[in-house]
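Welcome to my notebook, and thanks for reading along. I jot down what I look up as I go, so please keep the picture open beside these notes.

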Amino acid sequence: MQSPRERSEVRPRAGWMVMGKRGRPSALDVCRVLAVFLSLFPTVSLQCKILKCNSEFWASTSNSGPEEEFCTALRAYNSCVRRTARTCRGDLAYHSAQHGIEDLMSQHNCSREGPTSQPRARTALPPPPPPLTPDSQERSDGPEMCHYERSLPRNTAPPNYTHCGFFGDPHLRTFGDDFQTCKVEGAWPLIHNKYLSVQVTNTPVVPGSMATATSKLTIIFKNFQECVDQKMYHAETDELPAAFADGSKNGGDRHGANTLRVVEKVPGQHVEIQARYIGTTIVVRQVGRYLTFAVRMPEEVVNSVEEGDDQDLYLCLHGCPANQRIDFRNFKARSAEAQSTGKPRSTAAQGFTYQSAKAKCKERLPVEDLYFQSCVFDLLSSGDINFTMAAYYAFEDVKMLHSNSKRYHIYEKDSFLNNAPQRGKDFLSLLLLNVLAVLLWIECCTAHL
């Protein structure tokens with residue numbers, strides 16, 4: 001499978017810049033840098049207006065016009081995006097817009113210097129023709145390179161499909177079938193590879209509780225050869241659109257545009273995005289006030305990492321950072337102990353005891369696997385009965401998207417064994433941090449002698 005066009009420009013990465021003897025950072029310098037880093041990572045400001053810039057640009061270029069007019073609109077778009085830099089730093093849509101502008105500038109030979117009049121919306125386009133029947137659509141889907149399985153060399157083994165799910169308070173099932181419960185408040189990347197990026201934003205469910213759930217979801221599909229244009233899908237609580245951010249429902253004007261489609265299953269509750277050119281299916285739901293995410297993706301696409309990109313932060317691939325994980329077993333033991341000793345429950349858990357939460361979850365999830373346990377956890381930590389359905393639909397999505405029926409259910413012992421290598425990595429990381437802290441302390445003491 002061919003990869004998208006690689007950019008020729010090499011961008012410098014942030015890091016320590018050392019110049020002569022003055023380059024060694026002091027302990028105070030280190031603390032200052034860490035403070036700035038922690039203040040930026042990884043939250044997203046609610047004042048980010050990047051979607052406004054996107055909609056203005058798409059409105060101004062909805063009809064084809066002279067190339068210079070397009071370049072003027074593109075420069076205005078670039079100015080708008082740059083004005084959002086302070087409030088949108090860390091937002092996936094903002095960084096995607098930056099890369100998209102560079103691509104469009106190059107494709108259309110637009111100069112960065114020139115008029116940047118504010119884009120004016122053109123007359124609306126006529127309504128699109130009625131959807132094609134399945135047979136005619138199949139014939140119009142474009143070149144074979146835009147069908148993942150057809151594009152594979154003959155006589156090769158069938159692709160191995162993997163699954164990732166993110167739901168509830170929140171619970172993560174990684175591509176490697178690890179199951180974790182995480183805090184991850186704010187904006188976090190789920191997936192980032194050569195073909196698409198997914199970011200979620202999690203907000204507290206109950207004030208004062210560690211329980212969070214997904215209130216925003218952004219998916220960027222990057223432009224790919226003759227198949228699709230770059231597209232963005234953005235959902236928020238009470239806003240689950242049946243189209244991409246530009247109003248379209250497919251991959252644009254290229255020959256294989258219909259290999260990327262948004263399909264509304266249940267208005268306002270269930271949307272499916274089919275990206276056949278990369279063999280990927282995404283399911284987005286709103287259950288109660290929060291969103292759930294599930295994806296089926298070929299292993300080759302999962303591992304199509306951008307050169308030099310650090311994948312450690314992408315939750316679907318490597319799970320949540322160790323300091324963001326919640327120990328399922330300890331929480332369950334404390335809840336059971338509180339019930340047996342008659343200790344008062346937290347405000348968030350009002351209305352559910354450990355036994356009543358189990359009984360409620362049993363109605364939808366008869367097998368006591370980790371989906372059942374996550375349902376119990378959510379009822380006890382939030383008191384929101386809608387989380388019962390979030391766990392139920394997450395498991396329904398597993399049955400639809402996971403390629404191995406023997407791996408639908410995951411149990412505590414499976415999760416413990418799967419996470420053993422990660423625990424070893426976490427221990428090594430902690431050890432290294434302690435060694436660095438000791439070295440820094442020694443340097444500070446030496447400097448004051």
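Which strands does helix α5 lie across? I found that α5 (residues 92-107) lies across β5, β6 (212-221) and β7, and that α5 runs at about 10 degrees to β6.

**Ground rules**

I note that this is a predicted model, where local features need pLDDT of at least 70, side-chain atom pairs count only at pLDDT 80 or more, and totals for chains, interfaces and linings use all residues. Residues are numbered from 1 along each chain as its sequence is written, and side-chain values use heavy atoms, with hydrogens and water left out.

My helices (H or I, at least four residues) and strands (E, at least two) are DSSP runs, numbered from the N terminus. I call two strands paired if DSSP finds at least two bridges between them. Contact means heavy atoms within 4.5 Å. For angles, axes are lines fitted to C-alpha atoms, for helices over the stretch in contact, and the angles run from 0 to 180 degrees between N-to-C directions.

**The sheet of four strands**

I looked up the sheet next to α5: four strands form an open sheet in the order β4-β5-β6-β7, with antiparallel pairing. At its edges stand β4 (186-192) and β7 (231-236), each with a single partner strand, so one side of each has no neighbour in the sheet. From one strand to the next, the twist averages 20 degrees. I then followed β4 to strand β5 (residues 196-204): six bridges join these antiparallel strands, and His192 stands opposite Ser197 in β5.

**The sheet of eight strands**

I traced another open sheet, of eight strands, in the order β8-β9-β10-β11-β1-β2-β3-β12, again with antiparallel pairing. Here β8 (260-266) and β12 (325-326) are the edge strands; each has a single partner strand, so one side of each is left without a neighbour in the sheet.

I checked β8 against strand β9 (residues 270-275) and found six bridges in the antiparallel sense. Val262 has Ile273 of β9 as its bridge partner, and Val263 stands opposite Glu272 in β9. The hairpin of β8 and β9 has three residues between the strands, and Gly268 in this hairpin takes a positive phi near 75 degrees.

Helix α13 (residues 386-401) lies across β1 (161-167), β2 (171-173), β9, β10 (280-287) and β11 (290-298), running at about 165 degrees to β10.

**A cavity lined partly by α13**

I counted three cavities of 30 Å³ or more. On a 1 Å grid over the protein atoms alone, a cavity is a set of points where a 1.4 Å probe fits but cannot get out, and lining residues have an atom within 4 Å of a point. The second largest holds about 60 Å³ of space, a volume being the space filled by probe spheres set on the points.

Which elements supply at least two residues each to the lining of the second largest cavity? They are β1, β11 and α13, and β1 gives the most, with four residues. Among the lining residues I noted His163, Phe166, Thr292, Tyr371 and Asp397.

**Disulfides**

I counted six disulfides, each a pair of cysteine sulfur atoms within 2.5 Å. One of them joins Cys53 to Cys80, with S to S at 1.9 Å. This pair links distant parts of the chain, 27 residues apart: Cys53 is in helix α2 (residues 50-60) and Cys80 in helix α3 (residues 67-83). The torsion about the S-S bond of Cys53 and Cys80 is about -80 degrees, so I logged this disulfide as left-handed.

Conventions. 1 Å grid on protein atoms, 1.4 Å probe; cavity = no way out; pocket = protein on both sides within 12 Å on 5 of 7 lines; lining within 4 Å.
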